Amino acid sequence: MSAEAIPGMTAGFARGATQWVRGYGYADLENKVPATAISAYRYASVQKPMTAVAVLQLVERGKIDLDADIRDYVPYFPDKGHRITPRQLLGHIAGIPDYASEADEHLTEHKTTREAIALFADRALIAEPGTRFKYTSYGYNLLGA
């Protein structure tokens with residue numbers, strides 16, 4: 001950790017009935033909060049492929065249709081006047097905006113999924129879904145919901 005300047009981490013494994021997990025360093029460097037077995041960390045964009053795998057596993061199980069309206073799964077997301085699909089969200093072509101400011105990008109408080117979606121739910125689409133690529137973390141928040 002010191003060689004790579006890693007301030008903290010939680011690591012663990014499970015094999016059969018055996019489980020082990022432990023925190024090292026700091027979960028919150030600014031406030032000197034030690035990392036523990038249950039520390040929460042900001043995954044940033046590393047979360048996107050994990051979310052994509054989870055969505056596709058649900059597709060394999062028949063629980064998500066990639067071409068359905070996302071509001072079929074997240075009914076509290078407002079109607080944008082266009083169909084937005086999980087497939088479009090996965091490919092960053094759903095027209096969902098990205099952060100409006102650096103403050104959006106560097107939130108320091110944990111939010112529930114519903115609270116995270118509320119940050120952008122009322123913003124206008126940046127393009128008609130399916131017509132323009134725009135890398136967006138908010139689209140993946142919606143997929144996570």
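**Exercise 1. Find the salt bridge in this predicted model, and say which parts of the chain the two side chains come from.**

Solution. Start with the partners: the side chains of D67 and R87 meet in a salt bridge, with 2.7 Å from N to O. Next, place them on the chain. D67 sits in the loop between α1 (47-60) and α2 (86-90), while R87 belongs to helix α2. That puts the two 20 residues apart, so the pair links distant parts of the chain.

As background, side chains of opposite charge can pair when their charged atoms come close.

Now check how open the two are. D67 has a relative accessible area of 39%, so it counts as partly exposed. R87 comes out at 44%, so it is partly exposed too. Finally, how many salt bridges does a search of the whole structure find? The answer is one.

**Exercise 2. Lay out the elements of the chain in order.**

Solution. Begin by counting: the chain has five helices and three strands. Then walk from the N terminus, and the elements read β-β-β-α-α-α-α-α. For the overall dimensions, the C-alpha atoms fill a box of roughly 50 × 40 × 25 Å along the principal axes. Of the 145 residues in the chain, 30% are buried.

**Exercise 3. Work out how the three strands fit together in a sheet.**

Solution. First, get the order: the sheet is open and runs β1-β2-β3, with antiparallel pairing. The edge strands are β1 and β3 (33-34), as each of them pairs on one side only.

Second, look at each pairing. Eight bridges join β1 to strand β2 (residues 18-28), and the two run antiparallel. Along the way, M9 stands opposite Y24 in β2. The β2 and β3 pairing is also antiparallel and has two bridges. Here Y26 has P34 in β3 as its bridge partner.

Third, inspect the turn. β1 and β2 make a hairpin with two residues between them, and G16 in that turn has a positive phi of about 60°.

**Exercise 4. Describe K32: where is it, is it buried or exposed, and which ring does it lie over?**

Solution. Take the location first: K32 is in the loop between β2 and β3. Its relative accessible area is 51%, and the cut-off for exposed is over 50%, so K32 counts as exposed. As for the ring, K32 lies over the face of Y26, 5.2 Å from the ring centre.

The backbone has something to add. Most residues other than glycine have a negative phi. K32 is not a glycine, yet its phi is positive, about 55°. To get a feel for distance, look from K32 to R83: they are 51 residues apart along the chain, and their C-alpha atoms are separated by 45 Å.

For another charge over a ring, look at R114, which lies over the face of Y76 at 3.9 Å from the ring centre.

**Exercise 5. Classify the ring pair of Y99 and Y138, and explain which parts it ties together.**

Solution. The count of aromatic pairs comes to four. For Y99 and Y138, the ring centres are 5.2 Å apart and the planes stand at 80°, so this pair is edge-to-face. Y99 lies in the loop between α2 and α3 (102-105), and Y138 in helix α5 (residues 137-144), so the pair ties together parts 39 residues apart in sequence.

Compare their surroundings. Y138 has 2% relative accessibility, so it is buried, whereas Y99, at 25%, is partly exposed. To finish, widen the view: ring pairs link F77, Y99, F120 and Y138 into a cluster.

**Exercise 6. Name the residues behind the nonpolar surface patch of about 230 Å², and then look at the stretch around I6.**

Solution. The patch is made by M1, I6 and M9. Place I6 next: it lies in the segment before β1 (8-15). With a relative accessible area of 35%, I6 is partly exposed.

A5 lies in the segment before β1 as well. Its relative accessible area is 66%, so A5 is exposed. A last look at the backbone shows that A5, a residue other than glycine, has a positive phi near 55°.

How values were computed. Residues numbered from 1 in each chain as written. Predicted model: local features only at pLDDT ≥ 70, side-chain atom pairs only at ≥ 80, totals over all residues. Heavy atoms only, no water. Patch = residues over 30% accessible without salt bridge, like charges linked within 9 Å, V, L, I, M, F, W, Y side chains within 5 Å. Areas by Shrake-Rupley, 256 points an atom, 1.4 Å probe, with all protein chains shown as cover. Salt bridge = Lys/Arg side-chain N within 4 Å of Asp/Glu carboxyl O. Helix = DSSP H or I, 4+ residues; strand = E, 2+ residues; numbered from the N terminus. Buried < 20%, exposed > 50% of the residue type's maximum accessible area, 1.4 Å probe, protein only. Phe/Tyr/Trp six-rings, centres within 6.5 Å; stacked < 30°, edge-to-face > 60°. Lys NZ or Arg CZ within 6 Å of the ring centre and 35° of its normal. Pairing = 2+ DSSP bridges.
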